[in-house]
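Visitor: I'm new to this one. Could you walk me through how to read it?

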Amino acid sequence: MKEHETLEQRLHEQGVSRRSFLKFCAAMATMMALPPGSATAIAAALAKVKRPSVIWLSFQECTGCTESLTRSHSPTLESMIFDMVSLDYHHTLQAASGFAAEQAREDAMKEFNGKYLLLVDGSIPLKDGGVYSTIAGRTNLDLLEEAAKGAAAIVAVGSCAAFGGIPNANPNPTGAVAVSDIIKDKPIINISGCPPIPAVITGVLAHYLTFGALPALDNLGRPKAFYGETIHDRCYRRPMYEQGKFAKTFDDEGARNGWCLYELGCKGPTTHNACATTKWNGGTGFPIEAGHGCIGCSEPKFWDAGSFYAPLPAPAADVTTVAKAAVIAGAVAAVVAGAIDRGKKTKAQQSREKLTVDDLKGE
Amino acid sequence: MEQELLLWVRGTGLQIAAAVFVIGMVYRMLHILMLGRKKSLAAPRGSEWSGGLRTMWKRSFVTTKLSARGNFTVVAGFIFHIGFFITLFFLTQHIDLFRAVLGLHWPAMPRGVIDMAAVLSIAAMVALLVHRFIDPVKRLLSDYQDYLSWILSFLPLLTGFMLLREIGFEYITLLTMHIASVELLLVIAPFTKLAHMFSTFIARWYNGAVNGFKGIEI
Amino acid sequence: MSLDDISIKVADLHSIGSLDALLNEIASHLTRFIATGETAMIDLKSLPFSPAEYESLRTALGRGEVSARLETIGDSELYETHYSGVWWVTHYNVEGDVIADLIEIAEVPAILHSQPEDVRDGLERLQHTLSQTK
Ligand code: SF4
């Protein structure tokens, strides 16, 4: 395996003009939410970088994250981003299979030891020795620990890899955990979402390439540039929220007028992601624009946070039954206490000595 | 972490708080009622019921008769209670909660009204606290329960107002703080003076009933 | 059920304030550009516009005298707005999705300039051709 050439050489060989490259960098700047003027700086940096080796491990996942990524913008732009890295192992996308595929992974790990980028999607099952998900006869835990050793950094793609996601939801039958629950000694960047916005995945890759380091992260390990604000912060329906204009059902007058979806279960106020600005499907829109509230998929435990259609103030567990039982318990307690009181009263009355006329005379 | 905390206060925490509150309140109120009063052997000169109910209703308003307690205390107390009542029962988000728990709902009040009620209520509380410190009689009469009750009722109002305006912290942090403060109130209320939120009506009824029985017009 | 049965309402076009803010920003960039020659860019994708507001921005800026088109990894559309020096630059990918949407305050958008690298390449090619025809 030869040492990877620089991106500029590679693009030049392919006959990509400098202007195309600049346009690509402008798109990159938009994608990374950097100031638009930085396109030139990005171009200068990208021209010089060596394409890093990337190993992508897929564990307990639905392939939605890979689907999301491979749908990122046009084939051309996406291929340019992929051109920036050398994807040496991805068992869904690579042509090789079987032993050859596993060989490619091992080769890359040896050759670029300490330098490759490890991308992971899916959670890792730990229960019963990790038997619930294996690749080539090895458990996910085993593969992850081995691959993490030589990685420069790990990118956890999707809510499953970042926080455990759906496999980790109650009752978590496979004992699924996130990458960060296992690997403690490597920089980990979480790109959460179910799936994450494709532009965010590529944007983070581009950032790593451009600046040679991971972007600034929030306290959950997510890049601040994309997860720094909530959906609610940037939602175009926000003025409706402030004015108290809430749609009550999905087909009422309010819903048709584009009113706020808070009462229909929108989790936008507690969800950090870039959907409201970066948008989906090549910038066409995002769920709230399509009339559905945010389900909070980029936050930990989103699957256990009560119904997607229950408004945020509604309890996340059954309080009504608890309250009903409590009424009975309280009443029983009171009746018991009342009976004890009455017992005491009667006893006190009985033990009271009657005052007689003779007593008074005796005084 | 934040999400987990929020989930806890919206789930298990709320269940615990609701259970303690309901058990505590039902127990204390029924207990009071069961204590009862000795049957009066005198001939009634009026109805206990009409007297009791009338007093329960009438005492909800500021009247000149009450000013023996001091006009400031009565008026500020009234403002606080009404403001608290309006924000509690007429903010959209709260109605969402009642609908989810009780299955009942009613129209909300506009945000401007709620905002005003909350601000007035908070101001009244602060004024009452200051007055409690300044007024020698009140200061002498106050014990730790009074200050505890003040804090427990003030926190939900304050965090709720901050949440509506997103002041100081992120929405998710404010929401967690707000719910947690309410749960604290729920858990402690039945066992302190705050139980007056229900017992006050019993007390008024007894007062009114005694007067009604004796035929006193109030 | 026909298409007409699906009720469609035109959202009201009232501004939520961000349009005014953006126009003010453009004005202040223009002032600086006149004074110091410093160019600027605004990334429209980072702003939370409703579709209606986006349209009102188009109306507000209008179209000026110059427009240009790039054909590279998809099209790019550039035109000077009604306000000279304020350019609207939209990059599309091959599928026609918007990949970058910018307001640029400059004499000419930077990407329209011929790039030195490309010029050098071009010269090489030209010399190559000339050497063959000699
Ligand atoms: S739709 Fe959701 S994100 Fe948008 S303003 Fe309403 S609550 Fe906030």
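Guide: Let's look at the meeting of two chains, then at one residue. Keep in mind that this is a predicted model.

Visitor: How many residues does each chain bring to the contact?

Guide: Chain A brings 45 residues and chain B brings 33 residues. Between them the two chains bury about 3400 Å², with 62% of that on carbon and sulfur atoms. On the chain A side, Thr270(A), Pro313(A) and Val319(A) lose the most area to chain B, together 12% of what that side buries.

Visitor: And how many salt bridges are found across the interface of chain A and chain B?

Guide: A salt bridge pairs a Lys or Arg side-chain nitrogen with an Asp or Glu carboxyl oxygen within 4 Å. Here the rule finds 3. One of them joins Glu263(A) to Arg99(B), with the closest N and O atoms 3.7 Å apart. There are also 13 residue pairs in polar contact between the chains, both residues at pLDDT 80 or more.

Visitor: Which element gives the most to the side of chain A that touches chain B?

Guide: That's helix 16 of chain A, with 17 residues. By class, this side of chain A has 25 nonpolar, 8 polar and 12 charged residues.

Visitor: Now the single residue. Is Asp218(A) buried or exposed?

Guide: Buried means under 20% relative accessible area. Asp218(A) has 16% relative accessibility, so it counts as buried.

Visitor: Where is Asp218(A), and what is it in contact with?

Guide: Asp218(A) sits in the loop between helix 10 and helix 11 of chain A. Its side chain reaches the backbone nitrogen of Leu220(A) at 2.9 Å. Leaving aside neighbours within four places in sequence, Asp218(A) is in contact with Lys224(A) and Tyr227(A).

Terms used: Residues are numbered from 1 along each chain as its sequence is written. Chains are lettered from A and ligands numbered from 1 in the order in which they are written. This is a predicted model: local features need pLDDT of at least 70, side-chain atom pairs count only at pLDDT 80 or more; totals for chains, interfaces and linings use all residues. Side-chain values use heavy atoms; hydrogens and water are left out. Contact means heavy atoms within 4.5 Å. Buried area is the accessible area (1.4 Å probe) that two parts lose on being put together, summed over both. A polar contact is a pair of N or O atoms within 3.5 Å; within protein, one must be able to donate a hydrogen and the other to accept it, and residues adjacent in sequence count only if both atoms are side-chain atoms. Helices (H or I, at least four residues) and strands (E, at least two) are DSSP runs, numbered from the N terminus. Ala, Val, Leu, Ile, Met, Phe, Trp, Tyr, Cys and Pro count as nonpolar, Asp, Glu, Lys and Arg as charged, and the others, Gly among them, as polar. Buried means under 20% relative accessible area, exposed over 50%, partly exposed in between (1.4 Å probe, protein chains only).
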